[in-house]
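Visitor: I should like to take a close look at one part of this model, namely its salt bridges. Please describe which side chains take part and how they are placed with respect to the surface.

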Amino acid sequence: MANRINTKLKEDGKLLSIYFTAGYPKLADTVEIIQQLEKNGVDMIEIGLPFSDPLADGPTIQKSSTAALKNGMTTEILFNQLKDIRKSVSIPLIIMGYFNPMFQYGVEAFCKKCQEIGIDGLIIPDLPVDVYHEEYQEMFEKYGLINVFLITPQTSDERIRFIDSVSNGFIYMVSSASVTGAQSGFGDEQQTYFQRIADMELDNPQIVGFGISNSETFEQATKSAKGAIIGSAFIKHLNGHGVDGISAFTKTIR
């Protein structure tokens, strides 16, 4: 059976992916947020597994992680919340988190659990591509999981080509060298970078993340990429409007 991520990437049009932190605003909000996002036309969802030391995350996501951990979110609880998710949701679901909680849980046990509940992929910003390729790729593939790697404007062409060769889904294109967070628009430097990657004609499509917060930045980011990911702006909206405000948020993007 084809992975849902690959099926989705073959569809026409630009993809909107939304990131949120599991267990935030309230511990029990996870499933409802996922259902509401699908209902409101989102193409793909990244479920953030909160971690106490999130290096790549900006202040908004860090705060939501801290709050989710205070709410009592753990790997075990997240898996438990998601155990019946495929009864109500059909779009691709990706867990984004740091390697430590997965390692603690047991990498194979983690992958197996993901397969059982219908998770399609993982994004692990602190798992180097070389280590993945040498130690974990076979295991991920055995459980039907796509591992998504991040590239930044600083990543060398050689490294990007290697990531492309190891990937079997999409590449997460970080829009700038800074941490996550919303911005008003993308400057020339970022546009040039988007174009440089497009010109490389990689095998895997790219989805842009970091700094996308409205229809303007979504459009700019998806000019030469397959889709874009929104995280901080969505979490801010959740913070102010709760789960009921989700449809109002997605309408502002496209």
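Guide: The model is a predicted one, and the count of salt bridges in it comes to 11.

A suitable place to begin is the pair R196 and D157, which form a salt bridge with their closest N and O atoms 2.3 Å apart. R196 belongs to helix 9 (residues 188-199) and D157 to helix 8 (residues 157-166), so this contact ties together parts that lie 39 residues apart in sequence. R196 has a relative accessible area of 29% and is therefore partly exposed; D157, with 38%, is partly exposed as well.

Salt bridges with shared partners also join K8, E11, D43 and R254 into one network. Within this group, K8 forms a salt bridge with E11, and the closest N and O atoms are 3.2 Å apart. K8 has a relative accessibility of 11% and counts as buried, because buried denotes a relative accessible area under 20%. Its partner E11, at 37% relative accessibility, counts as partly exposed.

A further salt bridge brings together the side chains of D84 and K87, at 3.4 Å from N to O. Here D84 counts as partly exposed, with a relative accessibility of 39%. K87 reaches 72% relative accessibility and counts as exposed, because that class begins over 50%.

To draw the accessibility together: K8 is buried, K87 is exposed, and R196 is partly exposed.

Key: Residues numbered from 1 in each chain as written. Predicted model: local features only at pLDDT ≥ 70, side-chain atom pairs only at ≥ 80, totals over all residues. Heavy atoms only, no water. Salt bridge = Lys/Arg side-chain N within 4 Å of Asp/Glu carboxyl O. Buried < 20%, exposed > 50% of the residue type's maximum accessible area, 1.4 Å probe, protein only. Helix = DSSP H or I, 4+ residues; strand = E, 2+ residues; numbered from the N terminus.
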